[in-house]
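Subject: Structure handover and notes

Dear colleague,

I am passing on the structure we spoke about, and my notes follow directly below it. Please read them with the model open beside you.

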Amino acid sequence: MSNTLNKKCKIIAISNQKGGVGKTTTCVNLSAALAISGKKILLIDVDAQGNATTALGLEKNEQINSYDFINRDCSDYIQTNINNLFCIPSSNNLSALDVELSSKDQREYFLSNQINKIKNDFDYIFIDCPPSLSMITINVFVASDSILIPVQCEFYSLEGIAQLLETINAIKGNLNKKLHIEGIVMTMFDKRNILANNVLSNVKEHFGDYLYESVIPRNVRLSEAPSFGKPAIIYDVHCSGSKAYLSLAKEFLRSRK
Ligand SMILES: Nc1ncnc2c1ncn2[C@@H]1O[C@H](COP(=O)(O)OP(=O)(O)O)[C@@H](O)[C@H]1O
Ligand SMILES: [Mg+2]
């Protein structure tokens with residue numbers, strides 16, 4: 001195992017305030033690709049929907065879950081059936097967490113404090129975010145070194161990115177100076193669709209510095225894989241979606257800041 005003793009763990013939020021843009025698919029497949037390459041990875045699922053949890057063949061509301069991790073000082077994690085890939089699954093209780101945290105002191109720092117206890121066990125920690133700017137998401141942004149933004153190739157994408165960058169700047173100014181953008185990855189790209197091509201060139205023009213060269217195509221295998229409890233790159237390593245995520249993983253490692 002190529003585990004690296006001296007390298008610091010990097011914590012990456014997978015976030016976009018829009019739902020259905022490929023956050024979870026990116027989080028699961030990028031985590032799995034890096035785990036297969038020998039990195040030790042923890043995926044924390046803080047979306048009450050728990051799609052990342054089920055996509056890894058785990059169940060929501062396990063005894064070890066991200067609600068207890070954030071709110072009850074429990075710092076355990078679960079080994080998935082992929083070598084080097086660990087998970088803190090989602091829990092339905094997460095939907096009440098925002099209200100529970102709102103009355104507490106230092107409420108933005110709960111997740112960060114917990115991650116500090118375990119981060120030395122990993123090379124990378126990926127956090128799959130819900131599609132909202134809730135107190136949970138603020139906890140994630142405070143705990144993270146960087147944010148990786150999946151963007152769907154559609155008309156309103158540019159506005160969405162601009163909005164998220166504003167939020168990141170606000171957090172950077174107040175709560176977490178080190179926070180930066182890890183990169184933007186375009187998802188569900190259909191090369192025959194003229195609009196998708198236009199969106200891609202617009203994002204390149206405005207946010208080119210952040211944009212990964214790897215573009216994730218629309219690929220039905222990526223959407224089938226979760227029902228088998230497997231990341232697509234395990235379910236069908238040869239499909240176009242898996243190849244794109246493997247290429248993204250390489251690019252991610254090359255551009256590590
Ligand atoms: N590149 C893709 N090609 C086809 N389907 C995809 C792709 N990426 C995601 N999906 C599917 O689209 C839906 C939303 O993706 P998901 O990753 O859950 O987005 P989010 O986490 O942002 O809500 C899911 O059903 C997922 O399987
Ligand atoms: Mg999701």
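Cysteine 74 is buried in this predicted model, and the reason it counts as such is that its relative accessible area is 18%, while the limit for a buried residue is under 20%. You will find cysteine 74 in the loop between H3 and strand S3, which covers residues 78-79. If neighbours within four places in sequence are left aside, cysteine 74 is in contact with Asp68, Phe69 and Gln114. Glutamine 63, which is eleven residues away from cysteine 74 in sequence, lies 9.9 Å from it in space, taken from C-alpha to C-alpha.

Two other loop residues deserve a look for their backbone angles. Most residues other than glycine have a negative phi. Asparagine 61, however, has a positive phi, near 60°, and is a residue other than glycine. Asparagine 61 belongs to the loop between helix H2 (51-55) and helix H3 (66-71), and it counts as partly exposed because its relative accessibility is 42%. Glutamine 106 is not a glycine either, and yet its phi is positive, at about 55°. Glutamine 106 sits in the loop between H4 and H5, and with a relative accessibility of 56% it counts as exposed.

Asparagine 93 is a further loop residue, placed between strand S4 (85-88) and H4. At 36% relative accessibility, asparagine 93 counts as partly exposed. From C-alpha to C-alpha, asparagine 93 and alanine 162 are 31 Å apart in space, with their positions 69 residues apart in sequence.

I turn next to helix H5, which runs over residues 110-118 and holds serine 112. Is serine 112 buried or exposed? Serine 112 counts as buried, because its relative accessibility is 14%. When residues up to four places away in sequence are not counted, serine 112 touches Val142 and Ala143. Asparagine 113 also has its place in helix H5, but this residue is partly exposed, with a relative accessible area of 44%. Although asparagine 113 and alanine 143 are 30 residues apart in sequence, their C-alpha atoms are 7.9 Å apart in space.

Val142 and Ala143 lead on to helix H6, where both are among the buried residues. Helix H6 spans residues 135-143 and is mostly covered, since nine of its nine residues are buried. The buried residues of H6 include Met135, Ile136, Asn139 and Phe141 as well. What covers them includes H5, together with strand S1 (10-14), helix H4 (94-102), strand S5 (124-128), strand S6 (146-152) and helix H7 (157-174).

Further along the chain, phenylalanine 207 lies in helix H8, which covers residues 194-207. Phenylalanine 207 is buried, because its relative accessible area is 11%. Not counting residues up to four places away in sequence, phenylalanine 207 touches Leu158, Ile161, Ala162, Leu165 and Ile184. One of these, isoleucine 184, is 23 residues away from phenylalanine 207 in sequence, and the C-alpha atoms of the two are 8.2 Å apart.

The last topic is the ligand. Where does ligand 1 sit? The space that ligand 1 takes up is the largest pocket. Helix H1 (23-36) and helix H9 (220-224) are the elements that give two or more residues to the shell around ligand 1, and H1 gives the most, with three residues. There are 14 residues around ligand 1, and those that come nearest are Gly20, Thr24, Thr25, Pro217 and Asn219.

Three polar pairs can be followed here in some detail. A backbone N or O atom of glycine 22 lies 3.0 Å from an oxygen atom of ligand 1, and an N or O atom in the side chain of lysine 23 is 2.9 Å from an oxygen atom of the ligand. On the side of proline 217, a polar backbone atom is 2.8 Å from a nitrogen atom of ligand 1. Ligand 1 has 560 Å² of accessible area on its own, and the protein covers 78% of this area.

With best wishes

Notes
Residues numbered from 1 in each chain as written. Chains lettered and ligands numbered in written order. Predicted model: local features only at pLDDT ≥ 70, side-chain atom pairs only at ≥ 80, totals over all residues. Heavy atoms only, no water. Helix = DSSP H or I, 4+ residues; strand = E, 2+ residues; numbered from the N terminus. Buried < 20%, exposed > 50% of the residue type's maximum accessible area, 1.4 Å probe, protein only. Contact = heavy atoms within 4.5 Å. Near = heavy atom within 4 Å. Polar contact = N/O pair within 3.5 Å; in protein donor to acceptor, adjacent residues only side chain to side chain. Areas by Shrake-Rupley, 256 points an atom, 1.4 Å probe, with all protein chains shown as cover. 1 Å grid on protein atoms, 1.4 Å probe; cavity = no way out; pocket = protein on both sides within 12 Å on 5 of 7 lines; lining within 4 Å. Sits in = over half its atoms within 2 Å of the grid points.
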